[in-house]
Amino acid sequence: MASVVSEIGVEEALGELPQIQSDPARERRPRLRIWRAVVLFFAGVYFLIPLYAGLKFSFENDQNQLSLYAVKSIPSTAGFASAFFLSLRLAAVTTALTMVLMVPTATYVHLKLPKMRRVLDFVTILPIVIPPIVLILGVLKAAPLWLRASPYLLALVYVILALPFVYRSLDAGLAAIDLKTLVEASRSLGGRWVSTLWHVILPNLRAAMLSAIVLTIALVLGEFTMASLDLWTTFPVWIYQFSQLDAHIATAASMMSLIGTWLLLSVIVSVDRSQSRRTRRRAGTL
Amino acid sequence: MAPFVIYTLLGLGIPTLAVIDLAFRSNSNRLTLSNLHTVVQGTYRVGFVNSILLATITSIVPGILGLILAYAVQTARSNIFRRLVATASGVLANFGGINLTFMFIATLGSTGALTLWLNVIRLNPWHYGFNLYSFYGVVIVYMYFQVPLMVLVITPALGGLRPSWREAAENLGASSFNYWRTVGAPLLLPSVLGGVLLLFGSGFAAYATADTLTAGTVTLAPIQIGEVLNGNVISGEEHIGYAIGFGMLVVLSITMILYGLVRKRASRWLR
């Protein structure tokens with residue numbers, strides 16, 4: 001389900017916010033304010049209690065006393081290092097592959113085949129319609145044996161899972177810059193395609209690429225369905241297996257990965273905001 | 001373009017076609033309908049019914065709650081607060097799988113924090129027949145990412161309701177109820193339906209959370225696929241997994257077609 005969300009993305013929801021003007025007529029209604037406070041209170045309770053409980057459990061020992069033993073013993077726990085490094089390697093390979101595949105494709109489509117954007121929109125939404133559990137079923141059947149024996153099969157499939165939001169992110173980034181003028185300027189100055197892509201397009205796409213990369217890493221580090229069915233002990237699979245041995249350590253590891261994801265995603269939001277601030281300033285001076 | 005086409009064909013097209021193809025093949029590779037026949041009966045039918053029920057509950061209830069929450073946030077004065085909620089929704093909607101499972105075990109498990117608090121006031125839910133590791137446990141846990149997902153989806157639509165429309169209605173003498181009944185609700189309805197359909201798809205396809213929470217004991221279509229892949233299946237029924245997968249694709253395709261239709265309608269006003 002995680003993949004569904006990325007299509008909508010944090011940025012899109014944020015982008016809509018500044019347009020809403022506060023409506024003086026609304027603020028005059030005291031009933032609305034009480035009602036709002038009640039709703040927000042219950043929402044706050046529902047969303048914060050599990051977070052609190054998860055963190056509390058992570059900082060407790062078997063005797064329910066406050067303790068750092070679970071957090072401290074994660075790194076030295078059996079299997080943690082290999083699982084975590086496997087996940088990191090998969091994240092690196094997936095990210096690299098996704099970027100090499102999608103940056104030129106998205107740029108090319110924007111520049112030369114604008115009519116294909118609809119097709120690309122459709123194809124990149126498919127991984128959301130086809131659930132990971134069904135996709136891995138087909139992949140395990142269709143992949144050749146030598147590939148099935150390698151963990152990097154997962155990286156190849158994760159590229160597909162990452163497509164929806166990576167493409168949307170790059171698409172939005174490309175739509176925001178005057179691609180045609182930039183490329184024509186570079187070409188008329190004698191730049192070749194590769195150097196145009198590298199020196200002109202990439203620097204302008206930095207923010208879009210960063211958000212795509214962060215979302216890809218978050219996806220790979222948290223993916224459980226495919227990894228567990230392909231029988232590779234990635235980080236989330238390890239957490240699950242280890243929970244049978246020590247629930248405190250497993251919960252602590254999962255809360256750490258959650259906080260890590262949170263930090264990663266907040267990077268996008270802050271980059272996104274500074275980027276839009278810069279664009280606004282530039283628009284002001286022009 | 002060519003590398004992209006080749007990659008998606010190999011990584012997405014061929015595996016999907018393989019699932020569809022094998023759904024219609026017997027063990028001796030002959031075309032057959034018997035796999036599909038099997039999965040609409042008995043325990044596999046229960047799996048589909050439960051999955052659709054789960055997806056329906058966890059799309060309609062979080063759909064309504066998400067709408068109310070989004071509206072409450074939307075009408076708040078503080079800009080910082082709205083940004084905070086948008087970011088939090090983005091993060092929470094991405095929750096799922098193992099992390100969510102552990103958080104809820106620590107909350108509502110038999111010795112979870114909330115369970116113990118409720119126990120103090122003699123309302124321990126486990127004493128009243130509640131079981132976190134069951135169908136209804138899965139429902140409660142799914143809300144945790146479905147409600148934020150709805151907030152994310154519906155916030156732009158709420159922002160598209162222009163204050164001037166409301167003022168126009170009020171100048172014409174409409175009460176708050178009149179405004180919602182004749183202007184607000186009809187405008188929002190397609191977006192709300194779209195959001196609910198998206199939640200349905202997300203709840204129907206989810207595997208990791210339900211599997212880790214119930215250790216695969218709850219009868220849901222995705223979990224049954226996992227069982228087949230893990231080899232827990234009667235010999236001779238290996239192709240059942242593909243037939244379940246095909247069934248899931250059919251349900252999700254219908255959902256997404258409806259979603260496309262609804263979105264077309266929604267974009268008429270809210271742009």
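In the predicted model, B:Thr182 is located in helix 9 of chain B, the helix that spans residues 176-205. B:Thr182 is exposed, because 12 other C-beta atoms lie within 10 Å and a residue with 12 or fewer such neighbours is classed in this way. The C-alpha atom of B:Thr182 is separated by 9.3 Å from that of B:Ala169, a residue 13 places away along the chain. A second position in chain B, B:Ile140, belongs to helix 7, which covers residues 135-159. B:Ile140 has 17 C-beta neighbours inside 10 Å and therefore counts as partly exposed. Between the C-alpha atoms of B:Ile140 and B:Leu108 the separation is 10.0 Å, although these positions lie 32 residues apart in terms of distance along the chain.

Chain B also contains a helix pair formed by helix 11 (residues 221-229) and helix 12 (residues 240-266), whose axes are 9 Å apart and enclose an angle of about 155°. Since angles over 145 degrees count as roughly antiparallel, helix 11 and helix 12 of chain B are therefore described as roughly antiparallel to each other. Their crossing is left-handed. On the side of helix 11 of chain B, the contact involves B:Ala221, B:Gln224, B:Ile225, B:Val228 and B:Leu229. These residues meet B:Ile240, B:Gly241, B:Ile244, B:Gly245, B:Gly247 and B:Met248 of helix 12 of chain B. Sorted by class, the contact between helix 11 and helix 12 of chain B comprises 7 nonpolar and 4 polar residues, with no charged residues.

The two chains meet at an interface in which 71 residues of chain B are in contact with 74 residues of chain A. Helix 1 of chain B (residues 2-23) supplies the largest share of the chain B side, with 12 residues. The side of chain B that touches chain A consists of 45 nonpolar, 23 polar and 3 charged residues.

Chain A has a secondary structure of 15 helices and 0 strands. Of its 286 residues, 40% count as buried. Among the contacts in chain A between residues at least 6 apart in sequence, 79% join residues at least 24 apart.

Within chain A, helix 6 (residues 117-129) packs against helix 9 at an angle of about 130°, and the two axes are 7 Å apart. Helix 6 and helix 9 of chain A are therefore oblique to each other. Helix 6 of chain A passes helix 9 of chain A in a left-handed crossing. The residues of helix 6 of chain A that make the contact are A:Leu120, A:Thr124, A:Ile125, A:Pro127 and A:Ile128. Their counterparts in helix 9 of chain A are A:Ile160, A:Leu161, A:Leu163, A:Pro164 and A:Tyr167. This contact of helix 6 with helix 9 of chain A has 9 nonpolar residues, 1 polar residue and no charged residues.

The largest nonpolar core has 140 residues, and the members that touch the most others are A:Val157, A:Tyr158, A:Leu170 and B:Ile154. Helix 9 of chain A (residues 152-176) provides the largest share of this core, 15 residues. When neighbours within four places in sequence are left aside, A:Leu170 is in contact with A:Met102, A:Val103, A:Ala106, A:Leu205, A:Ala208 and A:Ala212.

Helix 14 of chain A (residues 235-242) is largely enclosed by the rest of the structure, because 7 of its 8 residues are buried. The buried residues of helix 14 of chain A are A:Phe235, A:Pro236, A:Val237, A:Trp238, A:Ile239, A:Tyr240 and A:Phe242.

The loop between helix 13 (225-229) and helix 14 of chain A contains A:Leu231. A:Leu231 has a positive phi of about 60° although it is not a glycine. Most residues other than glycine have a negative phi. A:Leu231 is exposed, as 12 other C-beta atoms lie within 10 Å. In chain B, a positive phi of about 70° is found at B:Asn29, which is not a glycine. B:Asn29 lies in the loop between helix 1 and helix 2 (34-39) of chain B. With 9 other C-beta atoms within 10 Å, B:Asn29 is exposed.

Key: Residues are numbered from 1 along each chain as its sequence is written. Chains are lettered from A and ligands numbered from 1 in the order in which they are written. This is a predicted model: local features need pLDDT of at least 70, side-chain atom pairs count only at pLDDT 80 or more; totals for chains, interfaces and linings use all residues. Axes are lines fitted to C-alpha atoms, for helices over the stretch in contact, and angles run from 0 to 180 degrees between N-to-C directions. Helices (H or I, at least four residues) and strands (E, at least two) are DSSP runs, numbered from the N terminus. Angles under 35 degrees count as roughly parallel, over 145 as roughly antiparallel, 65 to 115 as roughly perpendicular and the rest as oblique. A crossing is left-handed if the near helix is turned anticlockwise from the far one by less than a right angle, and right-handed if clockwise. Two residues are in contact if their C-beta atoms, placed from the backbone, lie within 7 Å. Ala, Val, Leu, Ile, Met, Phe, Trp, Tyr, Cys and Pro count as nonpolar, Asp, Glu, Lys and Arg as charged, and the others, Gly among them, as polar. A residue is buried if 20 or more other C-beta atoms lie within 10 Å of its own, exposed if 12 or fewer, and partly exposed in between; C-beta atoms are placed from the backbone. A nonpolar core is a set of buried Ala, Val, Leu, Ile, Met, Phe, Trp, Tyr and Cys residues joined through C-beta atoms within 7 Å.
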